[in-house]
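These entries record what I looked up in the structure, taking helix packing, backbone outliers and nonpolar cores in turn.

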Amino acid sequence: MGDTYALEHKLDSTLYYTQLIAEANANTNKYKGHYLFNLGKSYLSTNSARAEDLFVSALKSFDPRDDEILILYVWLADMLIEENRIDEGYSYIREALLIQEKFYPANKILLAYIHLEIGFYYHAKGDLKDAIKSYKDTETRFLRNDSTIAGQYYLSEVNRLMNLSYELLGDYDNALRCGMKNLVLKEKLSLTNKYKISEALLGLAKIYYHIGISSKALTLIEQAIPFFIESKSQIYLAQCFLIKGAIYFESRHFEESIIQYELANSAIANSNILTSVPFIVNFNKSMSLLHMSKTYEAKLLLDQTITDYTEIYGERIQLASYLMLQGLIFQKLKTYDSADYSYKKALKLFTDNKISEHRSLTWILNIYLSFLIDHHSLQDVEYLLKRAFKSNASNYDLQSIATLDVENSRNVYESITTCYLAAKYFQKTYQYTKDKRYLLKSIELITSIVNLIENKKKSYQYRISDKLFRERFHNKIYIQAISVIYDIVTLENNSNYLSNAFMFIGKGKSSVLLENLNENIALEFRSIPDSTRIQESSLISQLLYLKTSIKNLGEKANELSQLNSFKTELIAAEIKYDSLITHLEQNYPEYYNLKYNFDVLSIKDVQQKLKTNEALIEYFNGENQTYAFTITKDTAHFQTLPMVEEAGIEGFRAALNPDFINKEPGEVFTEYTESAYHLHQKILAPLLENIDNTKINTLKIIPDGLLSLVPFETLITAPHQGAVGDYKSLSYLMKQFNISYGYSATSLFKMSEMKKEDMGSNVLAFAPTTSLSSETASLNPLRWNQSEIDDITQFFNTDTAAGLLATESSFKEKIQQYPIAHLAMHAVVNNEDPMYSKLLFAPPQDTLEDGMLHTFELYNMRLNTQMVVLSACNTGYGKLQKGEGVMSLSRAFAYAGCPSIVMSHWSVDDKATATLMKYFYQHLAEGEDKDVALKNAKLDFLNNSSPLYHHPYFWNNFVVLGDVKPVRKTDHVTYWILAIFVGLVLVVFAYYALLKHRGRIGILK
C-alpha cells in the first residue's frame, strides 16, 4: 500500500502505511531501507532536497545484493538528472551498473532498466542521437526475444522514450513508428492501469500535432482524456489540454487556445504534484496573447512565470526557453535593448552549466541570430554562428563549404536554419563592405542548402518531417537565394547567375502543385496493375467517405460515439493508403521517377517553348521587394519592383465590388480608373519596357502573393482623357494583349503539355437549382444559369443537367467521359479552411453525396477533363499560402489534373455571365485559342451590351489559367458527310468486288 501511495505522491498515506511496516520490522535494515525509499518518493515532487536525503539514507540500509538497491540508484539518478545535476546523476547510474555486473550479470530486465536511464541521461544532455542509440542498444541486447510480461513492458517503454527523443530531434517519421509500437505493446499487455495506454495515445497525439495532422491528434486526445480523468492523472490531463490549445494556436484560433490553456491550469490545480507543466502552459498562453496583439498582457504573464519558475527550480536550462520568449515579446514592444538582454541571459544559462551542444541551445541561438541580423547588429554574429553550428554538430567553420555537414547534425532542420542565417549574414556583410567574397560565400551556402532540400525530395527517404519543414520554411530559403543572386546579377551581368535566379524562383513556387502534376503524368505513363489501381481507388473513396461523414456529424452530442468511430477508421485508412504509396514508389521505379521529377524549367527551356508573339512575366515576392522576370523568345530581363501593399490591391478590388451600384457614378469611375492605372504603372509598365510591342501580343503571367488576386486584363495602360463614365473607351490591357495565367512557369507548361485521352469537344454542363439551407440563405437564386448552358448547345455537342437533375452524384458519374465541363452554379469560399470551399449542386437524391463538391474531394480526384469553366462566384479567390499561391477551387481542379481552367476573381452577375459565356463558346467554336476567345468574348460583350453593363465588374471577371490551346471542335455535320462518303466507297468497292468474283466463276466454268 505504501508503494502505491508513494507512486501517487500521497504523503500522509505513505507515511501511515510505511510507518506500520517500520514498526513491525524495526530491526530489519531491508524494511528500513524500503520505508525510507517510499518516503523519499513521496517527497520527490514537493521537497526534492528531503527526498534526496531519504534516498541516500535508504542506500545505507540496503544490502548491496538486494536488487531493490539498483532501482533506488536509478531513482536517485533520475531525480538528479531532472534537476539538471546531470553528471551527479550519471555517477549513480555507474554505481548501479557495478552492482548489477557483480551480483546480477544475467538479469536482463535489470540491465534494461539501468540502460533506459543511460538513454535518459543522454536525452537530458541534449545528445538525442546518443539517447536513441542507447535505447536501441537496450532493445537489441536485452529485450528483443523476451516474451515475458516484464520484457514486453520495458520494450514498450523503450519505444515510448525513443518516441520522445525522435520528437525533439524533429524526426517525426521514426517518432510516429515508435509511438505506434508503444501503443500496440501496451494494448497487448492488457494493463489494468489504463493511464499507460492513454500515455501512449498522448505521445502519438503530440507527433500528429507536430506533423500538422490536427484531426488525428484531437481524435487520440479525446480517446485518452477519459482514462486520465478516471485514473485522476491530472498532469497528463493538463498535457491533453495543452496540445489542444497548441492546435488551436496553430490554426490561429487564439481565444480558443487560451480556453484550453485555462483548462490545463485547472487540471494542474487539482493535483498535489509539483511539475513544470503550468509554466509550459503559461509560456504557450503568453504566445497566444502575443499573437492577439495583447503584448503587455503577454509580458506580465511571462514575467510572473519566469519569477515563479526561478523561485522553485532555480536557473535550470529549461528557463532559457522562457527567456527566449521574453526576448520575442520585447522585440514586439520594440524595446530592443531589453530583447537583447533576455537572449543573452538565456544563452548564459548554457555557458554557466558548461553545455555547448544542445538542441534548445541551437534553437535559441538561431532566434537570437535572426534578431541581430535583421537589426543590422553584426558585431557578434560570426562568433554566434560558429557556436550555433557547434551546438548542433554541423561542424561548419564559416570558411570552407567542405566542412559543412548538415546531414549528420543532431537536427537537420535547425542546421538548415543556421545555414540560412549565415547566408543572410554574408549578404549583409557584403552590402556594408562591398567585398564580393562575402556575396560568393552567401551564394555557395544557400545553393548548398537548396541542393540538399531538392535531393531529399527525390529520395525514397523523403519523410513527413521533410515535407513539414518545406511547408514551414521552404519559401524563406528561396527568398534568400533569389535576393543574393539578384545582388550578384546587379554586380556582374553573368548569364549563369541569371539562369540560377529563374530556377530558384521556379523551385520556390507551387511545389506542392508541381508534385501532383508529376503524379498525374506518372499515372498516365506507367501501367500500374489493375488490382493496385482498384485498391488505391477504393482507399481514396473510403477516405473521402470518412472525411465527409466526420465533417457532417460535426460535434453533435448525440453522435459522439459514431464520430469517434469514424475518426478511428480514418486513421487506419490513412495508414493503409500511405503504405500503398510506399509500395508503388518501391516497386514501380518508372512511376517513381516521373512522380519525383522536380526539375524546373530554365530560361532557355522557356524560350524554346514560347512563340515569337509571346512573353512570359513571372513575379516572386521577396522580404521587402518583388522580383520579376520578363522572358521572350530572344530576351530575358530580371529586375525588382516595389512590393505591392495589401491596401493597394484591396483598393483596386473594392472598385470592382458590386457595391459600386450604390455610389455616385462619377466617383465610382474615378476610383476605378485611378486605381487600375496606378497599379499598372507600379507592377507592369516597367516590365513591358523590355518587350517589343510590335511583335508581342500575348502575355503569360505568373503572379505571386497578392498579385494572384488581380485580373491583369482590367488594368488601364494610360490615364483616361475622355468623358467620365465612358468605360468602353478605356485603354484596358486586354485590348493590347491576349492574357493567361499559371502558378509557376514549370507547372504552366506542364499543364499545356499534359496528354489527355482524346474525347473530342463534347461539353458536360450543369446548372443546378440550389436548395435553401443555412449555408445558402444569403445566396440569390440563379435565374440565368439554365439559359447559359442552353446557349452552349448552339456551338458544341452538350450534355446538360439543369435544376434538380444537376446533382453532385451525376457530375461525379459523368465527368470522366467529357473533355469540357461547364459549371454554372453557386460557389462558397471558406477562407478559414480552404479545403472546405465548395460548389453547390442540386439537393442530393441519395445518401452517398451531400450536394456540395468540396475542395478536399477534388484534391483526391483524377480528372481526364481538358477544360473546366467555373462559371460561379470567386472560384479563383481564396486564402493565400506563401510559396504556393491562392488556395482556391480553381487550384483544386488543377491539382486534380485539369490543364485548362476558366475562373472568376469576384462575385459574378448572373445575367451578364450568361451572355459572356455565349460569346466565349462562339469564339471557341471558331477555333480560337482560349485566351483569345475569352478576350474577344469580353470585347463582344462591351460592344453589344447596354452602357449600364459597361462597368468591368460585369464582364472582366473571368480569366484563363493553364493551357490555352484551342478546343478541337467535333464538327458533327462533317462527320456525317465523311461517314456517308466512306459508306458509299465501301458499297462501290463491294459491288466491283462482287462483279470480279462473278467473272472468275464464269471463267472456271
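**Entry 1. Helices 18 and 19.** I worked from a predicted model throughout. I began with the handedness of a helix pair and found that helix 18 passes helix 19 in a left-handed crossing. Helix 18 covers residues 336–352 and helix 19 covers residues 359–374. I read an angle of about 155 degrees between them, with the axes 10 Å apart. Angles over 145 degrees count as roughly antiparallel, and helix 18 and helix 19 are therefore roughly antiparallel to each other.

I then listed the residues in contact. On the helix 18 side I noted Y336, A339, D340, Y343, K344, A346, L347 and F350. Their partners in helix 19 are S360, L361, I364, L365, I367, Y368, F371 and L372. Sorted by class, the residues of this contact are 13 nonpolar, 1 polar and 2 charged.

**Entry 2. Two lysines with positive phi.** I next looked up K334, which lies in the loop between helix 17 (319–332) and helix 18. Its phi is near 60 degrees, a positive value in a residue other than glycine. Is K334 buried or exposed? I found K334 exposed, at a relative accessible area of 62%.

K434 was the other lysine I checked, in the loop between helix 21 and helix 22 (436–458). Phi of K434 is likewise positive, near 60 degrees, and K434 is not a glycine. I recorded a relative accessibility of 58% for K434, so this residue counts as exposed.

**Entry 3. Helices 15 and 17.** Having met helix 17 beside K334, I examined how helix 17 packs with helix 15 (residues 277–291). Their axes come within 11 Å and cross at roughly 15 degrees. Angles under 35 degrees count as roughly parallel, so helix 15 is roughly parallel to helix 17. I noted the crossing of this pair as left-handed.

From helix 15, the contact takes in F279, I280, F283, S286, M287 and L290. From helix 17, I listed S321, Y322, M324, L325, I329 and K332. The class count for this contact is 9 nonpolar, 2 polar and 1 charged.

**Entry 4. Helices 39 and 40.** I turned to helix 39 (residues 910–925) and helix 40 (residues 930–944), which pack at about 130 degrees with their axes 8 Å apart. That angle makes helix 39 oblique to helix 40. I found that helix 39 passes helix 40 in a right-handed crossing.

Helix 39 contributes A912, T915, L916, Y919, F920, H923 and L924 to the contact. Helix 40 contributes K930, A933, L934, N936, A937, K938, D940, F941 and N944. I counted the classes here as 9 nonpolar, 4 polar and 3 charged.

**Entry 5. Nonpolar cores.** Which residues touch the most other members of the largest nonpolar core? In this core of 184 residues, I found them to be V606, L616, F629 and F638. Helix 21 (residues 412–433) supplies the largest share of the core, 11 residues.

I followed V606 further and left out residues up to four places away in sequence. V606 then touches F502, L601, L616, I631, A745 and F749. Apart from this core I noted another, of 107 residues, among them F766, M867, V868 and F920. F920 is also one of the helix 39 residues in contact with helix 40. I add one general remark: in soluble globular proteins, nonpolar side chains tend to be buried together.

How values were computed
Residues numbered from 1 in each chain as written. Predicted model: local features only at pLDDT ≥ 70, side-chain atom pairs only at ≥ 80, totals over all residues. Heavy atoms only, no water. Core = buried A, V, L, I, M, F, W, Y, C linked by side-chain atoms within 4.5 Å. Buried < 20%, exposed > 50% of the residue type's maximum accessible area, 1.4 Å probe, protein only. Helix = DSSP H or I, 4+ residues; strand = E, 2+ residues; numbered from the N terminus. Contact = heavy atoms within 4.5 Å. Axes fitted to C-alpha atoms, helices over the stretch in contact; angles between N-to-C directions. Parallel < 35°, antiparallel > 145°, perpendicular 65-115°, else oblique. Left-handed = near helix turned anticlockwise from the far one by under 90°. Nonpolar A, V, L, I, M, F, W, Y, C, P; charged D, E, K, R; others polar.
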